[in-house]
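Please open the model in a viewer and keep the selection panel at hand. The tour proceeds by selection, one stop at a time.

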Amino acid sequence: MPRLIPSSSSSVIPKTHPVPGYQHFLTPLRKLIFDYDAESPSQNGIRSFIRKPLINLARENPDVEFVVRRLKRGKAAVLRGHYVNGRDKVICVNKLESDAVSNKVQLLLNSSGAKIKSLKNLTLEAAPASESARGIWSALHDQTRDGKGYRI
Amino acid sequence: MPAFARLSVRGLQTTAPLPPPTTPLPPSDGQASVASTSSSASASAAAIAHLPPIVPSSVASSSSFSLPVAPSSTSSAIQHLESQSTPSAGRYVLARLHARTYLLHPRDILTLPTLKPMQPPGTTLSLTKILEVGSRDYAIRSPAASPNLHKRGLDWKEKKLLKLESIPSEIVRCELTVLEHTKDPLIKVDKKKRRKGYKKTIQHKQGYTRLRVGDIHLAQAE
């Protein structure tokens with residue numbers, strides 16, 4: 001199946017710019033596959049999405065490889081997102097309208113590919129091997145008055 | 001008085017591990033004799049004299065510990081901060097974001113309920129309300145960074161009228177990178193009333209935005 005890999009054409013500018021250090025951001029979604037069936041009536045939504053909005057979407061996201069695959073009769077319409085961390089997310093879009101398919105595509109684009117875990121109590125995650133700028137408070141080091149020693 | 005000294009050593013053992021009590025205590029110098037007659041605080045100080053110094057040697061060498069003088073101008077304050085830290089290490093900001101205060105260090109990952117409008121991953125957002133920026137020993141602090149202001153005592157009207165003065169963006173800048181918009185796992189809550197035929201399941205997925213804190217840049221000191 002011939003397809004256009006974004007990096008191979010020189011006209012598109014990739015969205016990911018190399019930045020030295022940890023501030024470099026790499027688009028987590030590497031490849032997005034649209035699997036569809038040409039005739040199934042339950043897959044009108046994905047077919048109309050592929051026909052029109054997908055073209056603009058692919059233009060706006062030059063560093064994601066978009067692949068459209070026509071499957072055999074009777075296969076489910078599926079979006080498959082492959083991420084740089086090696087994981088993938090697969091969403092069935094049977095019986096979904098075109099805008100619902102668009103929402104699912106946005107979900108894949110906004111995700112980092114990490115496993116879903118509870119973030120309720122993870123408001124602030126310290127950087128690996130980082131330490132607080134102010135150090136750790138210690139009663140022994142809490143010097144209150146000049147020359148009067150430490151108050152515990 | 002060795003017995004007293006040993007007792008105070010026991011009292012300190014919860015915070016600082018000491019050698020087993022069988023080891024003899026170091027020979028006490030002139031200070032210890034003074035300590036035996038004066039307050040118990042200096043006695044315990046003498047007892048732990050054989051331990052590594054608590055304060056850094058540079059501070060301990062000067063016998064009279066004096067607090068550093070507050071700098072007179074912003075640029076000299078910035079110089080103090082820069083003497084101890086770099087934009088990516090040893091620096092922190094206290095920032096206000098959606099009516100909450102966060103203490104942020106570079107490279108931290110901050111998770112918030114979905115920020116709307118949803119920006120695509122890779123977008124950078126800059127913090128506009130930075131209340132404090134500091135290094136290990138120094139900080140540039142706005143009056144709004146005082147913890148007393150954020151105590152629960154304020155009612156909603158006072159909170160609404162409260163003007164939090166932030167450090168101007170010319171002095172300190174910090175950007176957050178949007179990493180992803182994700183969701184919690186599905187939560188199912190069962191609701192049931194006895195004998196009323198009422199039973200339903202409430203399902204919920206909370207959306208979150210994950211942000212990475214970038215470098216903390218200070219204005220160039222003249």
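What span should the 13 residues of helix H3 (residues 98-110) of chain A have at 1.5 Å a residue? The expected span is 18 Å, taken as 1.5 Å times one less than the number of residues, and the end C-alpha atoms are 18 Å apart, which agrees. Helices (H or I, at least four residues) and strands (E, at least two) are DSSP runs numbered from the N terminus.

This is a predicted model, in which local features need pLDDT of at least 70, side-chain atom pairs count only at pLDDT 80 or more, and totals for chains, interfaces and linings use all residues. Residues are numbered from 1 along each chain as its sequence is written, with chains lettered from A and ligands numbered from 1 in the order in which they are written.

Within H3(A), select Val101(A), Val105(A), Leu108(A), Leu109(A) and Asn110(A), which are buried (20 or more other C-beta atoms within 10 Å of the residue's own; exposed means 12 or fewer, partly exposed in between, with C-beta atoms placed from the backbone). Their cover includes helix H1 (44-51) of chain A and strand S7 (172-183) of chain B.

Next, display both chains: 31 residues of chain A are in contact with 37 residues of chain B (C-beta atoms, placed from the backbone, within 7 Å). H3 and strand S5 (124-125) of chain A each supply at least two residues of the side of chain A that touches chain B.

Finally, select helix H5 (residues 74-84) of chain B, where Ala77(B), Ile78(B) and Leu81(B) are the buried residues. The face turned away from the buried side of H5(B) carries the exposed Ser76(B) and Ser83(B).

Key:
Contact = placed C-beta atoms within 7 Å.
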